[in-house]
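Trainee: Could you take me through one helix of this model in detail, beginning with a side chain at its end and working outwards to what surrounds it?

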Amino acid sequence: MTERKPPGVSFESWIDKQIREAEERGDFARLEGAGKPLPRDMENTYDELWWIKRKMAREGLSHLPPTLALRKEAEDARAAAAAAPSERMVRQIIADINDKISKALRRPPPGPPLGLTPFDVEAVVSEWHERQSGEPGRAR
């Protein structure tokens, strides 16, 4: 819709004509959510940034301060290490998150204090072996 309203034509009739022509071309036929009610957020208050928040959630983006995002990433890494299929994967996951934690400790990012120290790789691997064997202290 890049054309300009012709002089002497009322806005209403010009807009109605543009909509009618778009419908005839089928521009509205395959829109996402066609025929469905608009989604409502759980909150009753209107939020002008609703569309930004929805896009961030859809794309997996975070709006946490960097230190809190790293805490969450460390928590997720610990869970991923516990579910890893091999010791090599456990060591890789923990090494990756330890590298990020070490960098954040050398140059603290803005936000609340980090409150993390690098994980003890051998302790995490030992816990992984215990879960794999089903008995504490017995490694496979």
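Mentor: In this predicted model, a polar atom of the side chain of S133 lies 3.3 Å from the backbone oxygen of E130. Both the contact and the helix are worth placing in context: S133 is found in helix α5, which covers residues 121-133, and with a relative accessibility of 16% S133 counts as buried, because the cut-off for that word is under 20%.

S133 shares this burial with other residues of the helix, since the buried set in α5 consists of V124, V125, W128, H129 and S133. Seen down the axis of α5, these buried residues fall within an arc of 165°, so they line one face of the helix. What covers them includes α3, residues 66-82, and α4, residues 87-106.

The two ends of α5 can be described as well. At the N-terminal end, D120 acts as a cap, with a side-chain oxygen 3.2 Å from the backbone nitrogen of E122, while α5 is followed by G134, whose phi is positive, near 85°. As for the length between those ends, the 13 residues of α5 should span 18 Å at 1.5 Å a residue, and the C-alpha atoms at its ends are indeed 18 Å apart, so the expected and computed values agree.

Turning to the neighbouring helix α4, its 20 residues reach 28 Å from the first C-alpha to the last, close to the 28 Å expected at 1.5 Å a residue. The buried residues here are V90, I93, I94, I97, N98, I101 and A104. Viewed down the axis of α4, they fall within an arc of 130°, and they therefore line one face of that helix. These buried residues of α4 pack against α3 and α5, whereas R88 and R106, on the other side of α4, are exposed.

That leaves α3, where T67 offers a detail to set beside S133. T67 lies in helix α3 and, at 1% relative accessibility, counts as buried because it falls under the 20% cut-off. A polar atom of the T67 side chain lies 2.9 Å from the backbone oxygen of P112. Setting aside neighbours within four places in sequence, T67 is in contact with P109, P110, G111, P112, P113 and L114. For S133, the backbone oxygen concerned belongs to E130; for T67, that oxygen belongs to P112.

Methods: Residues are numbered from 1 along each chain as its sequence is written. This is a predicted model: local features need pLDDT of at least 70, side-chain atom pairs count only at pLDDT 80 or more; totals for chains, interfaces and linings use all residues. Side-chain values use heavy atoms; hydrogens and water are left out. Helices (H or I, at least four residues) and strands (E, at least two) are DSSP runs, numbered from the N terminus. Buried means under 20% relative accessible area, exposed over 50%, partly exposed in between (1.4 Å probe, protein chains only). A polar contact is a pair of N or O atoms within 3.5 Å; within protein, one must be able to donate a hydrogen and the other to accept it, and residues adjacent in sequence count only if both atoms are side-chain atoms. The expected span of a helix is 1.5 Å times one less than its number of residues. The arc is that of the directions from the helix axis to the C-beta atoms. Contact means heavy atoms within 4.5 Å.
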